[in-house]
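Trainee: I've got this model open on my screen. Can we talk through its pockets and a helix pair?

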Amino acid sequence: MPDEVKIGIDLGTTYCAVAAIDGEGRPFIVKNEFGALTTPSVVGVADGAEVVGDAAKDLQGIGSADVAAFFKRSMGQDGFDFELGGRAYTPTELSARMLRHLVRDAEARLGAQVAGAVVTVPAYYAGAQRAAVQEACRQAGVSLLGLLNEPSAAAYAYGLHEDGDGQTLLVYDLGGGTFDVTAARVFDDEIRVLGIDGDHSLGGKDFDDVLAQLMVDLLFQQQGLDSDAADLDAGDYGRLAIAAEQAKRQLSSRESVRVPLAVAGASGVVEVRRVDFEAVSAHLVRRTIDVVDRLLAELGLALGDIDAVVPVGGSTRIPMVRAALESKFHRAPCGGVNPDEAVALGAAVRANLPPRCLLPGDAAAPDLRMPGDAAAPQLVLRGAKRLVDVTAHAMGMVAEAPDRSRYVNSEIIPRNAPIPAAARRTYALRVPPEGGELEVYVLQGSHDRVLDNDVHGKYVVSGIEREPGGESLVEVEYRYTSDAIIEVEARQPRTGEVLRVLQAQLEADLSRFDGVPPELMQQVAGVCPDIYLLFDVSGSMSGKPLKKAREAMVAFVDQFPSNGARIGVIFFSDKCQVVLEPTDDYAAVRRAIGRAEANAYCLGYGNEADPLGFCYDDALARSGLLSARSQTAAGLMKGMAKRAKRALLGTGDAGACLVVLTDGIWYRQEASAASAKNLANRGVDIVAVGFGGADERFLRSIATRDDYAALVGVNALCETFTKIGRALATGEEPRVA
């Protein structure tokens with residue numbers, strides 16, 4: 001071996017692998033200190049000393065609490081720590097420990113210094129996660145030659161048959177913690193990725209988790225105990241994780257396996273059948289196939305357009321997974337390379353390609369051979385292959401909608417664009433005479449609503465000169481590097497000046513992006529409706545319904561910006577009670593909601609009250625809101641822009657909106673329907689949401705409009721009230737049906 005080598009590192013969620021290129025141009029897996037081809041992605045502390053890999057896995061097996069695993073799933077998440085030996089470690093720090101250990105192992109085995117490494121990442125990793133991997137390499141002292149998407153790395157290992165020119169591959173990468181699917185086209189001199197999709201919260205760990213729960217259920221059934229009451233500690237979870245992983249592997253080749261267990265004070269030997277494991281994990285396989293279907297539909301590919309399905313990741317050995325792929329594509333997934341090793345082998349190839357090999361058609365490029373299984377044809381990399389990868393996420397920025405009524409995601413670089421990629425967008429900005437700044441919030445995702453995307457970061461553009469008329473044009477350029485790392489630049493077209501761009505601390509609370517831009521909020525201040533939340537506290541609400549209802553009400557309040565509507569709370573059952581008069585102190589509103597319980601304030605357990613009549617006769621009349629409304633008012637929710645116009649003309653008023661949540665049949669339905677009509681005639685809007693035993697026809701009779709009423713499941717309450725709150729906060733109509 002030479003004095004220095006370049007390696008490929010598969011930094012996996014459950015296991016890592018390292019690969020290098022031998023003197024004959026063949027990539028191979030570098031064994032670790034124990035002679036194993038893979039190293040567990042586990043870090044622990046024993047007797048005050050850090051241990052990594054197999055030694056840490058042993059700690060996990062005996063139930064030690066000072067062990068961290070699956071930390072790759074948390075990369076790039078602020079505030080996420082693992083407590084080991086009395087010290088907090090970030091996922092980035094733990095990954096740095098893994099990388100340092102892998103490199104030292106490789107240097108000892110190869111007898112050469114590692115000069116650099118290509119490190120693989122899930123294709124669906126966003127910018128913050130990729131940046132965290134870069135930082136882990138820096139902390140580990142690893143010279144990073146580049147980040148490479150795991151499925152693209154596997155394409156080097158699988159997709160380069162001698163007769164493979166023009167083939168379309170589908171790389172199905174089910175790793176320990178993430179799932180990616182990639183479509184790629186293989187040519188003589190190029191691998192061109194067509195598109196990527198994935199689920200970063202789905203992987204082999206989820207199969208382990210459902211299998212672990214199945215084993216606990218079987219054990220407690222065997223002992224005649226209630227598994228729902230099991231109180232598992234950290235040691236139990238560690239031992240279960242090891243037992244489930246081992247059982248999963250054995251079930252790939254056996255129909256059943258006997259597993260000794262000792263958890264939560266119960267012990268015994270349980271028999272786990274493959275058919276039972278498949279039953280509890282079938283939904284996970286369906287989730288992966290849904291992602292496959294989504295990608296094919298996006299790319300306009302039919303099943304017949306796929307020439308080969310490439311399985312990557314240890315979880316693709318699960319028979320049910322392979323059967324699902326064979327059923328979907330009417331052919332068996334291709335073989336030839338160990339699914340656990342393909343990613344590292346491909347990374348090693350990429351790490352050792354000279355710069356000229358990144359260009360197509362170089363006759364001087366080396367041949368790199370991929371050794372296949374004995375029963376499979378040898379895979380050959382003939383000459384250099386240029387890899388053209390794509391973005392897994394669209395990239396945009398927070399901007400005002402054209403009518404300036406709300407914030408939206410202004411998409412700049414589309415999803416599945418070839419990388420490196422760059423695009424510019426020009427924005428108009430009001431600038432004071434002394435000059436101004438522009439805050440750029442970078443989004444990754446394709447959703448129109450800002451907070452449905454990943455907010456990658458905040459950048460401040462400074463030095464913007466005021467232009468004639470007070471509105472300056474700023475050109476913002478977004479770039480994805482070849483590693484899919486985000487870069488931002490800005491310039492002022494009129495002056496040609498390149499502007500200073502600095503990354504700033506991202507605020508913890510970004511809920512304002514669900515509100516109205518500040519300029520418009522200042523115009524309409526005082527004309528947002530007062531809102532009363534009418535909360536059913538009858539006896540039928542006890543238990544889970546009450547808990548879900550409180551969560552839904554809080555979710556509703558969370559949609560309003562700090563200068564939004566005033567919100568009040570009314571409880572009702574056999575009687576009614578104003579718990580809180582309308583206020584913009586949302587902490588007080590949340591506390592009031594938290595006081596909801598069956599028979600709260602001794603209001604009874606039934607539904608004899610007419611809360612709408614109470615609002616008409618007492619709550620609203622006392623506050624003077626009804627007298628301020630015209631008898632012929634058409635309603636409040638006609639759009640924030642219209643209310644702003646009325647405010648500027650001096651014709652706006654406060655108004656009121658009632659949001660009702662109930663789960664039963666009201667005794668005085670006719671009286672309540674009449675009260676609702678009186679309120680509507682006074683311009684008060686009513687939104688009615690019911691669940692459980694509520695009557696949908698009655699809900700429509702009290703709502704201002706049919707689509708302001710809905711009967712939903714208890715588990716859908718939070719989503720429904722979030723939708724209503726968001727609509728009211730942004731001036732839209734609160735339609736729920």
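Mentor: Sure, and β25 is a good place to start: with 5 residues, β25 supplies the most to the lining of the largest pocket. Strands are DSSP runs (E, at least two residues), helices likewise (H or I, at least four), numbered from the N terminus. This is a predicted model, where local features need pLDDT of at least 70, side-chain atom pairs need 80 or more, and totals for chains, interfaces and linings use all residues. Residues count from 1 along each chain as its sequence is written, and side-chain values use heavy atoms, without hydrogens and water.

Trainee: Which residues are closest to the centre of the largest pocket?

Mentor: That pocket has a volume of about 1,100 Å³, and 44 residues line it. Closest to its centre are Gly76, Ala128, Asp454, Val455 and His456.

Trainee: How many polar residues are in the lining of the second largest pocket?

Mentor: Its space is about 730 Å³, and 21 residues line it, including Ala399 and Glu400. By class, 14 are nonpolar and 7 charged, and the number of polar ones is none.

Trainee: How are α1 and α6 oriented to each other?

Mentor: Helix α1 (54-61) packs on helix α6 (234-251) with the axes 7 Å apart and an angle of about 110°. Lys57, Gln60 and Gly61 of α1 make the contact (heavy atoms within 4.5 Å). Angles of 65 to 115 degrees count as roughly perpendicular, under 35 as roughly parallel, over 145 as roughly antiparallel and the rest as oblique. So α1 and α6 are roughly perpendicular.

Technical notes
1 Å grid on protein atoms, 1.4 Å probe; cavity = no way out; pocket = protein on both sides within 12 Å on 5 of 7 lines; lining within 4 Å. Points joined across faces, edges and corners; volume = space filled by probe spheres on them. Nonpolar A, V, L, I, M, F, W, Y, C, P; charged D, E, K, R; others polar. Axes fitted to C-alpha atoms, helices over the stretch in contact; angles between N-to-C directions.
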